[in-house]
Amino acid sequence: MKPKVVVYRPVPADLLQELQQTCEVKYFPKWEDPRDPLFVAELKTAHGLLGSGLPINQELLEQAPLLKIVSNISVGYDNLDLAELRQRNIWATNTPGVLDETTADAIFALVLAAARRIPELDSYMKAGHWREMIGEELFGVDVHHKTLGIIGMGNIGKAIAKRAHFGFDMPILYHNRSRNQEAERDFQAVYCELDELLGKADFVCLMTPHTPETDKLMGEREFGLMKKTAIFINGSRGKNVDEQALIKALQNNWIRGAGLDVYEQEPIDPTHPLLTMPNVVTVPHIGSATQETRYQMARLAVDNLLKGINGLTPPNLITA
Ligand code: 8YV
């Protein structure tokens, strides 16, 4: 009998067909609700789970007694209760290494869009307002030679530092759980404590995983330490930021603006204040969302799943 896999995120057709050759696949490409009875019914006899963002916790795992592997199509794994999975001898895997450059591109796109006010100027053009040379009221700020602060110098952080150093000649400060010798050697990145980084950086990029230690890492105190001319970028997880504090900082001009890829609640409520501010550039969690990279992620996640479901230790085992 074929092992059964529940797939709850869109997966490229060829990879889905590959899965279907050796597995019974139940496909929920538009999955939204972990308590959807149809979804829960399939979990009961599932050996593998493939997708991203679903909270894999005790409540869900009690309804999936046959599960052998949970394969995330993401590098982040804050949706996984690793202790609960370990206790039940269920493998958990992610997709590291294939999305670093693409996500760093997206973060730099946010830096440039926020600094040069691209969305505002695009709207200005398309509303037909361009009649004369634009005035200072629509000027942006330089990115080159400005100081970049990276909170979380992991692989994506290093890819961001590479762009800043070689592409924009930016001095780089970073704060991390541990020193990153590569970033210091290759990009002249300077380690400093969080408060010093916040006080000196012109662009602050938050790139940490979401953990109990980083939950709401950026609050009123932290935004208050930033330069009034600084721009805050979040490419990590929305829950690393106290959004009410960010709103307050923006409304009171404690900082110049923000560029956001992630939000406390996703999808974010269409009426959310962060979506009403012209100095806030927002995109819908698209860090890795290119055709090439999402294919590579799905490829890796399917490979992880197929190994695990056949009792072989998968390559990208999460051991945190
Ligand atoms: C994922 C991400 O594509 O990899 C991660 O951790 O946040 C993104 O790159 C996203 O989580 C998919 O929903």
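Which residue forms a salt bridge with lysine 248, and how many Å apart are the closest N and O atoms? Before I answer, please keep in mind that what we are looking at is a predicted model. The partner is glutamate 220, and the closest N and O atoms of the pair are 3.2 Å apart. Lysine 248 sits in helix 11, residues 243-251, while glutamate 220 belongs to helix 10, so this salt bridge ties together parts of the chain that are 28 residues apart in sequence. Lysine 248 is partly exposed, with a relative accessible area of 33%, and glutamate 220 is also partly exposed, at 40%.

A search of the whole structure finds 21 salt bridges, and I would like to show you one more. Aspartate 105 pairs with arginine 163, with 2.8 Å between the closest N and O atoms; because aspartate 105 lies in helix 5 (residues 100-116) and arginine 163 in helix 7 (residues 155-168), the pair ties together parts that are 58 residues apart in sequence. Aspartate 105 counts as partly exposed at 42% relative accessibility, whereas arginine 163, at 17%, counts as buried. Both residues belong to a network of salt bridges that also links Glu101 and Lys162.

Let me turn finally to the ligand. The residues that surround the ligand include Ser52, Leu99, His285 and Met297, and the shell as a whole divides into 3 nonpolar, 5 polar and 2 charged residues. An oxygen atom of the ligand is 2.6 Å from an N or O atom in the side chain of serine 288. Taken alone, the ligand exposes 330 Å², of which the protein buries 83%.

Terms used
Residues numbered from 1 in each chain as written. Predicted model: local features only at pLDDT ≥ 70, side-chain atom pairs only at ≥ 80, totals over all residues. Heavy atoms only, no water. Near = heavy atom within 4 Å. Polar contact = N/O pair within 3.5 Å; in protein donor to acceptor, adjacent residues only side chain to side chain. Areas by Shrake-Rupley, 256 points an atom, 1.4 Å probe, with all protein chains shown as cover. Nonpolar A, V, L, I, M, F, W, Y, C, P; charged D, E, K, R; others polar. Salt bridge = Lys/Arg side-chain N within 4 Å of Asp/Glu carboxyl O. Helix = DSSP H or I, 4+ residues; strand = E, 2+ residues; numbered from the N terminus. Buried < 20%, exposed > 50% of the residue type's maximum accessible area, 1.4 Å probe, protein only.
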